[in-house]
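Q: Please take a close look at a single part of the model shown here, and describe its surroundings in a connected account.

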Amino acid sequence: MNKIKNIINTLVLAFIIATTLDVNALTQGTIKGTTDPDSYIVTDKATLTINKVSSSDTSKFNAYKIIDVFYNKTTNVVTYEFTSDFKTFLAQSALYKTLTVSDYYNLTSGDITSGSTQTTSTLDKLVSSYATYMYSYSVNGTSMSISGITASANLDAGVYLVLPTSTQRVYSVMVGNLTPKAENDTWVISDFTINAKVSDASVVKYIGKVGQTVGSYSYGDEVPCILDVTLPQFPTNANGVVILLGDVVEPIFDLPTFDKFTVKMGDTTLTTKSDGTVVDSSGNIVATIEIPNTYWTRQLEAKVVTLNINYKYLTSTKVTVSYGLILNKSANVSTTGNQNTAGLVINRDVYGESANATGNGPYIPYYTYTTIYTYGIDLLAYKKNDKSSILSDMTFDVYKDSSLTQKLGTITTDSSGKGTLAGVAEGTYYIKNTKTKSGYRLANTTAMKVKIAGSVASDTDGYYKVEIEVPTATLLPITGGSGTIIYTALGLIIIVTSITVFTVYTKKQKQI
C-alpha cells in the first residue's frame, strides 16, 4: 500500500515540476503579438536550405519573411501573424485584401520536392503576386550563403519566401516553413529544405548548318545563320517576362530584311510578315523583329537585329530562327577570323509587371559566338624563267569554278608585279590572264588553293600567294591569246599572196 502511495506522490510531483519549469518553452524576443497580447515573438532559429542549385550558377538568394511566430509562455500556445511588409501588400491587393492567417494555411501548396516552376496551387499564386510587389517596393530580405549546390541561411522562426537577387537561371518563388511543432511535449523547430524551382535557357548560333560555329566566306556571300534557342519553363504566374534574341550584324554584315527570317516554334513554322511581326496560325503576334535596335550592345556602338518574343503565345520552349546575312568588306582578312556575337536576354524579374522590352532592370544574358573567316589572294606576275623580271599592268580574273563561269573578282599587278584580292572563302580558285603587256603572251589559266592543304601563305596575314609565269611573244607584240599568232600569220600570207598576184596581173596587162 505504501509503495502505491509513493508512486502516486512521485507522479504528482513530476506533474508539478513539468508545469512550473517550462520544459517546452520557446525563446522569446521583445516584440509582442497582436492576436495574443501576452505572447512574444519567437527568436529560436533553424536553417532554411535551397537544394540543387547548380555549382556553376552565379545566383544569389534572399529569404523574405511573411509570417512571424509568437509564443505565450503562460498558456504554452503558439500563434502566427503576417509580417508588417506582408500586411502592407495584402492591404493594397484587391484579390488578397481580406486574407487571414487561417486562410493562408488553407491554400493549396505546390510540391517542394519536384523542382518544377509550373504549378496550379493557390499558395503559389499568392506568393507570386507578393514577389511582384517586392520587386516594385524593394522589400528587404535576408541574404543566403552559397556552398556547392546549396543556398542556406540560419533564420528566426517563421515562414519565408525565397527569390534570387541575381541569377543566370529562371527561378520561381519558393516557400520555406521554419515553424514550431509539438513533439513529446517539446516545441521543435526543424530545418527546412527545398529543391530549387528552376528552369534553364540556352542559345547557340550556327552558321552554314546546324552544328557548325566556324566557317569561311567571300565578300558578298550570304551567310546562313541559325539561332537554336531553348527557353526556360517560366513560372505559371509570371507576369513580367521579357525575351529578346539579338544578333550583332555590324560592321561585318549588312543589315538584313524581314523576308530573310524564318521562325519556328517547336516543329511549327510561323509566318513572318512584311512589317516584321511573326504570327501563329491564329494571328497572334508571337514575336516582333526589329532592324536595327541599339539597346543590346550600347557599348559596342553596333546595330543589333532583335526578336522580341511574347512568351504568352509560346507553345514550346524550343525556338529556331533562321536568316541570311551578307558578309561585307568590313570583315577582316586574317587567320584569326571575325567573331560574331548573338545572344538571348531574359529579365530576371519575371514577376515584375513593370518589366519592358527595352531591357531596363536586371536581366539574364546568354551569349553565343561564331567565327567567320575570309582570306585574300596575293598574286605575283613575272617573266617566264626569270623571276627577277616582274610584270606590272597585268590583269587576271579570279573564278570559283574550273569552267570559269563564277567570277569572284579581278587582280591587276602594280609596279612591284603584285596584285591582291581580298575577301575570299577557303577553297580552290582559278585565275585567268585576260590582259598582258606588250611583248608577252597570255599566261595559262592557273589553279590555286586558299587555306586548305597545299596552300602557300603570303607574308601578309590571311593572304595566300600564287606566282604566275608569263611567256614572251614569239612573233609580234600581242595582247591576245595563242590563236592570235595563227591568224596574224595567215593574214600576212594572204597579203603577200595578193600583192604578188596583183603585180603579175598588172605586168601581163601592160604587155598586151
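Which residue in β8 is the bridge partner of Lys-65?

A: The bridge partner of Lys-65 in β8 is Tyr-160. The model is a predicted one, in which local features need pLDDT of at least 70 and side-chain atom pairs count only at pLDDT 80 or more, whereas totals for chains, interfaces and linings use all residues. Residues are numbered from 1 along each chain as its sequence is written, and side-chain values use heavy atoms, with hydrogens and water left out.

The pairing just named belongs to the contact between β4 and β8 (residues 158–166), which are joined by eight bridges and run antiparallel. Strands (E, at least two residues) and helices (H or I, at least four) are DSSP runs numbered from the N terminus, and two strands pair if DSSP finds at least two bridges between them. Strand β4 itself spans residues 60–72, and 12 of its 13 residues are buried; buried means under 20% relative accessible area, exposed means over 50%, and partly exposed lies in between, with a 1.4 Å probe and protein chains only.

Further strands pair with β4. Strand β2 (residues 40–42) does so in the antiparallel sense over two bridges, with Tyr-40 opposite Tyr-71 in β4. Three bridges link β4 to β6 (residues 142–147), again antiparallel, and here Asn-62 faces Ser-143 of β6. With β5 (residues 77–82), β4 forms six bridges, also in the antiparallel sense; one bridge pair consists of Ile-67 and Phe-82, the latter in β5. β4 and β5 make a hairpin with four residues between the strands, and in this hairpin Asn-76 takes a positive phi near 60°.

The pair Ile-67 and Phe-82 leads on to Tyr-104. Contact (heavy atoms within 4.5 Å) is made by Tyr-104 with both of these residues and also with Ile-66, Leu-99, Leu-123, Leu-126, Val-159 and Val-175, when its neighbours within four places in sequence are left aside. Tyr-104 is among the residues with the most contacts inside the largest nonpolar core, which has 71 residues; Leu-126, Tyr-130, Leu-245, Val-321, Leu-327 and Leu-344 are the others named for this. Helix α4 (residues 122–137) supplies the largest share of this core, namely seven residues. A second, separate core has 26 residues, including Tyr-160, Val-42, Tyr-171 and Ala-196. A nonpolar core is a set of buried Ala, Val, Leu, Ile, Met, Phe, Trp, Tyr and Cys residues joined through side-chain atoms within 4.5 Å. In soluble globular proteins, nonpolar side chains tend to be buried together.

The surroundings of β4 also include a helix. The buried residues of α2 (residues 84–92) are Phe-86, Phe-89 and Leu-90. These residues cover an arc of only 95° around the axis, so they lie on the same side of α2; the arc is that of the directions from the helix axis to the C-beta atoms. Ser-84 and Ala-91, on the other side of α2, are exposed. Among the elements that cover the buried residues of α2 are β4, β5 and α4.
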